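Biologist: Could you walk me through how the parts of this model meet? I'd like to hear the reasoning behind each label.

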Number of protein chains: 2
Amino acid sequence: MRFLHTADWHIGKKLQGYDLIEDQRHVLSSILNIAKEEKVEAIVIAGDLYDRSVPAVDAVALYNELIVDWNLKERIPIFAISGNHDSSTRLSAGTPWFSYSNYFLRTQLAEAFEPVEFNNIQFFFLPYFEPIAARLYFEDDSIRTIQQAVAKVIDKMEELFDSGKKHVLISHFFVMGSVKSDSETKIEVGGLDSIPGELLAPFDYVALGHLHNQAALRQDNARYSGSPLKFSLSEINQKKGVWIVDLATDLELNFREIEPLHDIEEITASFKELLDPAFYQSINRENYIHIYLTDRTIIPNMMNQLRQIYPRILGIERANGRAEQTKRKRKVLEMKDPQKLAEAFFSEMTEEQLTANQEKWLGETLQEIMEME
Amino acid sequence: MRFLHTADWHIGKKLQGYDLIEDQRHVLSSILNIAKEEKVEAIVIAGDLYDRSVPAVDAVALYNELIVDWNLKERIPIFAISGNHDSSTRLSAGTPWFSYSNYFLRTQLAEAFEPVEFNNIQFFFLPYFEPIAARLYFEDDSIRTIQQAVAKVIDKMEELFDSGKKHVLISHFFVMGSVKSDSETKIEVGGLDSIPGELLAPFDYVALGHLHNQAALRQDNARYSGSPLKFSLSEINQKKGVWIVDLATDLELNFREIEPLHDIEEITASFKELLDPAFYQSINRENYIHIYLTDRTIIPNMMNQLRQIYPRILGIERANGRAEQTKRKRKVLEMKDPQKLAEAFFSEMTEEQLTANQEKWLGETLQEIMEME
């Protein structure tokens, strides 16, 4: 069997304030074209369909439209799960009806144990979940981490394995050893949200979502598809596309790249060059552009003048201050741990450090917050 | 054919801050029981399934659960439309799949012309829409009011009439001559949002939603089902329930009342009486209670003391100030026209009146706002 593996669409996402909906419409229609060219028998979407638990109306409209087109008009089976950016409850509306036409959208942990058999493959769906969902499902208070939970989930899946069939897992997690890029906004506490790659060994293929870089993991039987679109400057050099997975005999993987409507580009130039037609006609001005400005002087009304030529400017940095700024940026990134952020905020406001008790309370509260939907 | 007609569920609505979700779960399960007792062949829901365009997660969960139960488990056909409180786009997610099991949920004006034929009846679905949707659909800029739009819609429906069948319209509008109660929050400008009852003449039955009082309209071939639950003090004396509609021969209508989990009640008493077990044991303290207090003195910590006995107090008024307060309340209600409200706010803030231009601009802006989703 041959299927297409994609994930992390984040429909409705904005890039530095720019609405990406047309860029997303473009790449999603490319995915359909690839699916048809490659004559796949199904499309697998490994979570984060939407960027937010309550997506905007135009995001909902785009998803509704395309899924009707793919599944009802083109009659392509769709196997999808919710990711950490999706609201599992909101996304679950109507799902019991979808299976009439081989559109399986799974959003609840309990559904992980209802594999779908299709062309000699058992597909297992493991939507994103928090440890508390596993504690409730297994009635086991000892489950504290995603790692423990996933181990238990996969054990239970193995009991359902039909040995005459191949086994595919569709899942949305951070697998240990993978490299994170910049646009996965879900905050993490201490690495407990990651799972060791060995846990995935029982499967012939694991279609992962969560990380936006398709190269983030190279494990024999597991891949991230990555996002089909660049969502941050840090992804500027990443290949974007989808996997064509062939399980007819041995696992065969083929990455199909997708051209974006507008790419992300970095430009280093002086203000004078940037305004020079000879310069800007040589580049694609419609791209999302990050500018490193080589000037050292103050330029009045700079942004407005540049925006008239470059309609999608992501940001402007002084090239000579670049090393400095990159360092600052890295520091901000390191601070993404919410506990550290809150502590830094506290000491900046009060010029005091948290007491041991306050620190404990903060940690527990953050844990609770992250376990809530 | 025999079907049940309900509307205006407003799942997720709050009553003076009290969460009604358990009250709603209760009446909705009563509706299913009535449907089974009456052996109806379908359930018609005439709009306002939810109270808000973005309902809370527990509201979505309740609707998901019950509709799976009614349609997939009990196998009851469901014919539903969106109302003015629903987001047509959000609600439309998945609708193309629902018809596999005779669950028709229509949210777009264009779908008004795709009748569903069922047991010798043509069901027409007219979800709530704004005049701008009709202007776009008919490509006719002369359509300014709902009245004009609905006339055009019904003309077009009549062209689709199969003369060998009966015709039912499911719709969500204010029909002229009906009496409004207090909990339909949709604001109105100058009565242009209402349609004359004669327009509905072509149909054997019109299942209406929008007004919460089932007695709001008594037209031979048209009824509001009303909300299945009281949503405001002004509905205190209204009968709540659903219509059983029989079109086997002539139209036969039977209103089935539904007991709420907690009723709304008014009590006139002194503070001393209210705290007296002999008094409060004689009434259902679990009800939503509005208190008219006969005392004239100041009572410290009154609300807290009363809440310990009456957990669902909607409000407390001094009985001796009652005439006064009712008058004030009526004045507030009259002010519900947003233009008048904005004008009053302006003159209160600036002690000036709007100029003719400002007034015009305000009117146009309000019109635009109301036409947006």
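Modeller: Happily! This is a predicted model. Chain A is assigned domain 1 (2–257), domain 2 (264–318) and domain 3 (338–372).

Biologist: What separates the centres of domain 1 and domain 2 of chain A, and how many residues take part in their contact?

Modeller: Over C-alpha atoms, the two centres lie 37 Å apart. The contact draws on 10 residues of domain 1 of chain A and 11 residues of domain 2 of chain A, and these count because they have heavy atoms within 4.5 Å.

Biologist: What makes up the area buried between these two domains?

Modeller: About 860 Å² is buried between domain 1 and domain 2 of chain A, with carbon and sulfur atoms giving 67%. Tyr18(A), Leu233(A) and Ile236(A) supply 63% of what domain 1 of chain A buries there, more than any other three residues.

Biologist: Now the two chains. How many salt bridges does the rule find between chain B and chain A?

Modeller: Zero. A salt bridge needs a side-chain nitrogen of Lys or Arg within 4 Å of a carboxyl oxygen of Asp or Glu, so no such pair is found across this interface. The rule does find 10 residue pairs in polar contact there, both residues at pLDDT 80 or more.

Biologist: Which element of chain B gives the most to the side touching chain A?

Modeller: Helix 2 of chain B, with eight residues. By class, that side of chain B has 15 nonpolar, seven polar and two charged residues.

Biologist: And how much area is buried between the chains?

Modeller: About 1900 Å², 69% of it from carbon and sulfur atoms. Arg90(B), Trp97(B) and Tyr100(B) supply 36% of the area chain B buries against chain A.

Technical notes
Residues are numbered from 1 along each chain as its sequence is written. Chains are lettered from A and ligands numbered from 1 in the order in which they are written. This is a predicted model: local features need pLDDT of at least 70, side-chain atom pairs count only at pLDDT 80 or more; totals for chains, interfaces and linings use all residues. Side-chain values use heavy atoms; hydrogens and water are left out. Domain bounds come from an automatic or database domain assignment. Buried area is the accessible area (1.4 Å probe) that two parts lose on being put together, summed over both. A polar contact is a pair of N or O atoms within 3.5 Å; within protein, one must be able to donate a hydrogen and the other to accept it, and residues adjacent in sequence count only if both atoms are side-chain atoms. Helices (H or I, at least four residues) and strands (E, at least two) are DSSP runs, numbered from the N terminus. Ala, Val, Leu, Ile, Met, Phe, Trp, Tyr, Cys and Pro count as nonpolar, Asp, Glu, Lys and Arg as charged, and the others, Gly among them, as polar.
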